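Please read the following note beside the sequence and the coordinates. It takes up surface exposure and charge pairing, point by point.

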Amino acid sequence: LLAKADLLTTMVGEFPELQGTMGCYYALAEGEPVEVAAAIEEHYLPKVSGGPLPATHAGLILALADKLDTLTGIFSAGLIPTGDKDPYALRRAALGAIRLCIEADLDLDLPELLDTALARFHHAFDATRTRELLHPFILERLRGFSLDHGYRPDEFEAVLSVAPASLVDFERRLQAVREFRRLPEAESLAAANKRIRNILRKAEEDVAANVDDAALAEPAERHLLGAARQARADILPSLNHRDYTAALRRLAQLRQPVDSFFDDVMVMVEDGHLRRNRLGLLGIIEGLFLDIADISKLQG
């Protein structure tokens with residue numbers, strides 16, 4: 001209710017750069033709590049790339065709400081940036097929201113935030129379509145932010161493929177993928193996941209990620225199934241705590257049984273039940289990694 005009140009004053013009308021600063025002084029003069037006054041001043045932060053973030057909780061929340069309100073409101077009016085034209089500084093607002101979430105550890109569901117912000121507008125527009133346009137717009141700014149912080153494009157794509165709702169969660173997965181690719185098993189497992197993805201995509205039947213144990217014919221596939229089930233049990237605590245680095249480190253131990261499976265087992269056999277069983281086993285392996293990221297996106 002108070003964040004923009006100072007925009008109507010003669011002082012800010014004469015000196016626009018004082019927006020927020022004067023609001024803080026006016027709020028204090030009116031007897032508002034210090035945190036309210038500080039939030040009014042801080043909610044414009046960060047003002048420039050790499051600039052400071054709000055120091056108070058109320059300032060962080062108000063700054064994020066203000067940027068999401070700007071983004072959703074202008075997108076809902078159809079005024080979407082094109083090319084180099086961005087008269088409403090929406091790219092800066094999106095980057096600010098990204099920094100607020102990640103650097104202040106605001107572990108929030110971004111699509112849910114956008115839906116909440118869009119629900120406050122009552123003019124005629126398609127809220128679903130607006131979110132479908134705005135969410136990727138923010139993620140494109142996240143791509144630039146991530147690359148600027150040393151992540152590689154294929155690492156970003158690996159995490160983007162599993163679409164984490166939280167930007168904080170996205171960042172944690174990025175860190176885990178970067179650590180994973182340094183492991184000696186990473187290249188082999190990334191190649192194996194590409195192979196699994198291709199096999200499952202080309203299969204001319206629906207593939208369910210489950211296995212009929214009794215139908216396992218080869219030692220290598222029995223060994224892989226056992227290794228996969230043990231890996232699943234081992235990584236669940238890490239997934240629950242979002243320790244994706246530990247989870248991927250544990251999944252790296254699947255390299256040997258995966259390699260042995262592809263060396264010793266033919267997947268696309270004539271026997272339909274056996275073929276579906278082996279495809280299901282590959283689906284289980286793929287699913288273990290997709291709980292974190294699509295490592296098949298990693299390049300050499």
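The points below move from a nonpolar patch on the surface to the salt bridges.

1. The model under review is a predicted one, and the remarks here should be read with that in mind. On its surface, Met11, Phe15 and Tyr26 make a nonpolar patch of about 250 Å². Of these residues, Phe15 sits in the loop that runs between α1 (10–14) and α2 (21–29), and its relative accessibility of 38% places Phe15 in the partly exposed class.

2. Turning to charged side chains, the structure contains 24 salt bridges, and the pairs discussed next are among them. Arg143 pairs with Glu140, with 3.0 Å between the closest N and O atoms. The two residues belong to helix α7 (residues 127–148), and because Arg143 and Glu140 are 3 residues apart there, about one helical turn separates them. Arg143 has a relative accessible area of 19% and is therefore buried, the cut-off for that class being under 20%. Glu140, at 38% relative accessibility, counts as partly exposed.

3. A second pair within one helix is formed by Asp169 and Arg173, whose closest N and O atoms are 2.9 Å apart. Both residues lie in helix α9 (residues 167–180), where a spacing of 4 residues corresponds to about one turn of the helix. Asp169 is buried, its relative accessible area being 6%, and Arg173 likewise counts as buried, with a relative accessibility of 11%.

4. Which residue forms a salt bridge with Glu221? The partner is Arg278, and the closest N and O atoms of this pair are 3.0 Å apart. Since Glu221 lies in helix α11 (residues 219–240) and Arg278 in helix α14 (residues 272–290), the salt bridge ties together parts that are 57 residues apart in sequence. Glu221 counts as buried at 0% relative accessibility, and Arg278 counts as buried at 4%.

5. Some of the salt bridges share partners, and through them Asp107, Asp169, Arg173 and Arg242 are joined into one network. The helix α9 pair from point 3, Asp169 with Arg173, is thus best read together with Asp107 and Arg242, which belong to that network.

Notes
Residues are numbered from 1 along each chain as its sequence is written. This is a predicted model: local features need pLDDT of at least 70, side-chain atom pairs count only at pLDDT 80 or more; totals for chains, interfaces and linings use all residues. Side-chain values use heavy atoms; hydrogens and water are left out. Patches are made of residues with over 30% relative accessible area and no salt bridge: like charges are joined within 9 Å, nonpolar side chains (Val, Leu, Ile, Met, Phe, Trp, Tyr) within 5 Å. Accessible areas come from the Shrake-Rupley method with a 1.4 Å probe; for residues, only the protein chains shown count as cover. A salt bridge is a side-chain nitrogen of Lys or Arg within 4 Å of a carboxyl oxygen of Asp or Glu. Buried means under 20% relative accessible area, exposed over 50%, partly exposed in between (1.4 Å probe, protein chains only).
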